[in-house]
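I'm opening a fresh notebook page for this one. My plan is to look things up piece by piece and jot down what turns up.

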Amino acid sequence: MAVERLLKDEATEEKGDRARMASFVGAMAITDLVKTTLGPKGMDKILQSTGRGHNVTVTNDGATILKSLHIDNPSAKKKRTSLTLAPDISKVQDDEVGDGTTSVVVLAGELLREAEKLVNQKIHPMTIIAGYRLAAECARNALLQKAKDNKQDPDKFKSDLMKIAMTTLSSKILSQDKEQFAKLAVDAVLRLKGSTNLESIHIIKKAGGSLKDSFLDEGFILDKKIGIGQPKRIESAKILVANTAMDTDKVKIYGARVRVDSMAKVAEIEGAEKEKMREKVQKIIAHGVNCFVNRQLIYNFPEELFADAGILAIEHADFEGIERLALVTGGEIASTFDNPESVKLGHCKLIEEIMIGEDKLIHFSGVEMGQACTIVLRGASSHVLDEAERSLHDALCVLSQTMNDSRVLLGGGWPEMVMAKEVDDLARKTPGKKSHAIEAFSRALQAIPTIIAENAGLDSAEMISQLRAEHHNDTTNAGIDIISGGVGDMEKLGISESFKVKQAVLLSATEAAEMILRVDEIITCAPRKRDNRM
Amino acid sequence: MAAVAPAPAPRGSSSKTESYTDTKRRDDVRQANILAARAVADAVRTSLGPKGMDKMIASANGEVIITNDGATILNKMEVLQPAAKMLVDLSRSQDAAAGDGTTTVVVLAGSLLRGSLSLLSAGVHPTAVSDALHRLALRAVDILHGMAIPLELSDRDALIKSAATSLNSKVVSQYSSLLAPLAVDAVLSVVDPAHPDLVDLRDVKIVKKLGGTVDDTELVKGLVFDKKVSHSAGGPTRVENAKIAVIQFQISPPKTDIEQSIVVSDYTQMDRILREERNYILGMVKKIKATGCNVLLIQKSILRDAVTDLSLHYLAKAKILVIKDVERDEIEFVTKTLNCLPIANIEHFREEKLGFANCVEEVSIGDGKIVKITGIKDMGRTTTVLVRGSNQLVLDEAERSLHDALCVLKPKEFIWTPIYILHGMLRCLVNKKFLIAGGGAPEIEMSRQLGAWAKELQGMESYCIKEFAEALEVIPYTLAENAGLNPIAIVTELRNRHAQGEINTGINVRKGQITNILEENVVQPLLVSTSAITLATECVRMILKIDDIITVR
């Protein structure tokens, strides 16, 4: 007889069609889950945490939904392998271009749905893959031809950016105030001057007020307090950013202790410790600074010394805050103070205390690094704020990508229809079984506008056929106009998307679909024994 | 996930069937959400308005709370259903934004949800409903602005009226005439006329003291410590022409950061150590005395004793009044009020760091003692409210358990409520210097104008807005209902009066009839009404847009 047991206890194995079906089903289940969030009228999901506090998140960000989701799926053990793929591609999309996270999953799901039909017609998965590859290449070329580049014309470019930002935001919670936020995001990204380092854009969330009260601030805002008795406003500040103990410099040798034989000696040691601290403070002051920001606590004694010297001292700034502060003011984080000349100080024009909502914050304006800015988000509740931050982050990502690759496409299902048309043409020209796969690819592409229309409560079949007819004409700008509920001119409506996002959606969705198609066996390893934590 | 999302449709089924099942599931989730949220709204509905009822909440740890503050009720309810939870958050947001109207906003949201549900069942797409709500909110805010009455910050009477209105619906309503002016004065005294937007509530300190009645609550121009003077060694308890030092070091034997031990080898050394300790402390006290300081406020220290019996003794000899264990968080407030600097080291003990006051004295009130510092020279923009209270506040229930719960909760709540409201008011005064009539007048007016507007619109939007305009009437309806009036008669009459142009007509709950509510001085800040309508619509829209609940870890 053959090998009796190849696998461990509880490990299972599925082969051939069954395996393929299982992975298809899993991927499609995921797709169905997120597809209602697609488009400007997409719906939101509640993510209810089963962990402590039963936190509730309301979101329609595909990446967020999938990220939270893939962690557990106890009942669908068999599907898990393929299930994890979908969140992965959406995560990659999120990291790379920041937007289109839902689109990529939906497109991959649709490709698989089509592939499944083909497999049922006894077409070999490899043939399907070959067809998909051809189709993807063709679709990409179609996009390349249609993409516009306005880099040379700054005004037009800026309006392109605005349009892209508005299009991205229109599917998010910020849609009602999209103009304001689009402007906010564009201004912030333009300040970056081409770098994609989003770190110098600092987002502060403060509950209270409404989303409309959000604003962009040139400079840096630190959510900390100024020490007692110290100046609350400093002009042309020289800032020393440090990470050093300002309580006491303890001798860190284990078990170190002093033995004395009188109280006076104890007092002397205490005095010496104080003196040491004073020296440290003197050294810091000797740097010629008038603002000192420390990551660790500053005790009362040094705080008073700083106050006496008229230095603004900020204690207990968090890691992120201090790194960012060092970055934007052009300083370095120091931890020893013996060589004043080797420490790079940060500079800014003005430090002052400002009030946002009910909290006092410290505002650094006129910082050295002109790119830096802070976006203060205001909103009714933490749900709104979190979702607003996610949305804004997406918009910022897309914009900064567009700064580098300034090619722009129209939105509203237009690119999908353009691609679908070209792919259809290709299918007609291609002989052999592959052409079925290419045709299927075109259908999958058309599913995106279909879903957008469906989510908006429109008659999707009607819309798609109208769109297809319009797109028979090569120069059309037709897409779905959600607001009026018909087919509209995307150019006139100002709905644009970044070429880079679309390309990434197309390519990674195809790759993901291909990967799942290639699967013909699923081996589920025996689960590690652990307490029932789920 | 498995619980919510049924297994994917069987293979080979046409896409049409699939989308059909999908839609069904979405509606189910949405309906469940709306019903849950409405259940929450119904729970607080009866506590709306001056004659609203209170709720008794028995929490898990046996504490019993009686309140009719919407935010408090909802907070303690511990709801689990996510949509219901959003309503709880909604009232919290309203609390943060305007400080009042926490019940109103929830009741409003509940009513809007009811409207949405009937629209949805009529086949309107949720996004269409949501869009209509958004337009409605914008329009409603415009209408409210149209009704508003401008107000100046200097108009103390108007501020008091507004505070009194909001207090009328609280447990402490019988004290509204006392507390309202007090709260107004407290807040006004911390407002910097140059920057009215920079009001920091932390500049108002509330000191609670049991005993006495609410009538004894007072505003103290100066500082109050809920502490005794440390006079175990017979130090003074009253000092006039005080020179006050706030110190952050300790008057006790020295202690080093490095581990240390004193080695004593014979008897004579022991004596010497004691002597040295005495000298050390005496030296410190002498230095303090040399600056003319006669009141010491000592920051609490966790590392070592702030004062010892010995140092207290010397300080008493030097006629220095000592207050110990001042929290570090309070130091900023204290120094700001006294206009002095904290001193962290004996070496820095200089006269220019001291603060001056006419009188520092220990006063015994009720069953405890407090220290009052009054007549502070160059006092900072801070104020202290000394709150007194006892079981007088407990409505009529005299049970012991209740008494305890209320005493703990109420003094804090009842003084903060007006101050919060005022704070919200001041904030909105910077942007929108307006007050608006209370008593359901704004809601009826909104409902009327929006109803008229709906007739000008076309299509789905008109239909939705008409529905929601009617939903707004829930506020006057509930107010009347809670006051034991005939709600239908009241609402219809209100409608009638408003149609005749009397836009400030509202329900006068005290008289039980409809009057011009402005003449009755029932006013509230515009912000309360505007934020109630915007937040309620925002929340309803969010609930409508949700089509699935996903359980994650």
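What follows are my entries, grouped by the part I was looking at.

**Before starting**

I remind myself that this is a predicted model.

**Entry 1: chain B as a whole**

I began with the overall tallies for chain B. I found 16 helices and 19 strands in chain B. Chain B has 553 residues, and 56% of them count as buried. Next I checked how far apart in sequence the contacting residues are. Taking the contacts in chain B with a separation of 6 or more, 77% are between residues 24 or more positions apart. I also looked up the accessible surface of chain B, which is about 23000 Å². Carbon and sulfur atoms own 51% of that surface.

**Entry 2: a mixed sheet in chain A**

I moved to chain A and picked an open sheet of three strands, with the order 5-15-6 and mixed pairing. Which strands stand at the edges? They are strand 5 (201-207) and strand 6 (215-218) of chain A; each has a single partner strand, so one side of each has no neighbour in the sheet. I noted the turn between neighbouring strands here too: 25° on average, ignoring direction.

Then I went through the pairings. Strand 5 and strand 15 (residues 373-379) of chain A are parallel, with seven bridges between them. Along that pair I wrote down A:H202 opposite A:T374, and A:K206 with A:R378 as its bridge partner. On the other side, strand 6 of chain A runs antiparallel to strand 15 of chain A, and four bridges join the two. There, A:D217 has A:T374 as its bridge partner. That puts A:T374 in my notes twice, once opposite A:H202 and once as the partner of A:D217.

**Entry 3: strand 15 up close**

How many residues of strand 15 of chain A are buried? I get seven of its seven, so I've put the strand down as mostly covered, with buried meaning under 20% relative accessible area. I then sorted the residues by direction. A:C373, A:I375, A:L377 and A:G379 point one way, A:T374, A:V376 and A:R378 point the other way, and all are buried. My margin note for that split: side chains in a regular strand alternate between the two faces of the sheet.

I also looked for what lies across this sheet. Helix 11 of chain A lies across strand 5 and strand 15 of chain A, at about 160° to strand 5.

**Entry 4: cavities**

Helix 11 came up again when I searched for cavities. I count seven cavities of 30 Å³ or more in the structure, and the largest has a volume of about 120 Å³. Its lining has 12 residues, and those nearest the centre are A:S381, A:V384, B:L90, B:C539 and B:M542. Which helices supply at least two residues each to this lining? I find helix 11 (382-404) of chain A, plus helix 3 (82-98) and helix 16 (526-545) of chain B.

**Entry 5: B:S91**

Since helix 3 of chain B was on the page, I checked one of its residues, B:S91. Is B:S91 buried or exposed? It is buried, with a relative accessible area of 1%. Leaving out residues up to four places away in sequence, B:S91 touches B:G70, B:A71, B:L74, B:T102, B:V105 and B:V106. I looked at one of these, B:T102, a bit further: it is 11 residues from B:S91 in sequence, and the C-alpha atoms are 4.9 Å apart.

**Entry 6: an antiparallel sheet in chain A**

Back in chain A, I took another open sheet of three strands, with the order 4-16-19 and antiparallel pairing. Strand 4 (148-149) and strand 19 (496-498) are at its edges with a single partner strand each, so each has one side without a neighbour in the sheet. Strand 16 (residues 407-410) and strand 19 of chain A share three bridges, and A:L409 is opposite A:E497.

Two helices of chain A lie across strand 16 and strand 19. Helix 6 (residues 154-170) runs at about 95° to strand 19, while helix 16 (residues 499-517) runs at about 65° to strand 19.

**Entry 7: A:D481**

My last lookup was A:D481, in strand 17 (residues 478-481) of chain A. A:D481 counts as buried because its relative accessibility is 10%, which is under the 20% cut-off. Setting aside residues up to four places away in sequence, I listed its contacts as A:G486, A:G488, A:M490 and A:L493.

How values were computed. Residues numbered from 1 in each chain as written. Chains lettered and ligands numbered in written order. Predicted model: local features only at pLDDT ≥ 70, side-chain atom pairs only at ≥ 80, totals over all residues. Heavy atoms only, no water. Pairing = 2+ DSSP bridges. Contact = heavy atoms within 4.5 Å. Axes fitted to C-alpha atoms, helices over the stretch in contact; angles between N-to-C directions. Buried < 20%, exposed > 50% of the residue type's maximum accessible area, 1.4 Å probe, protein only. Areas by Shrake-Rupley, 256 points an atom, 1.4 Å probe, with all protein chains shown as cover. 1 Å grid on protein atoms, 1.4 Å probe; cavity = no way out; pocket = protein on both sides within 12 Å on 5 of 7 lines; lining within 4 Å. Points joined across faces, edges and corners; volume = space filled by probe spheres on them.
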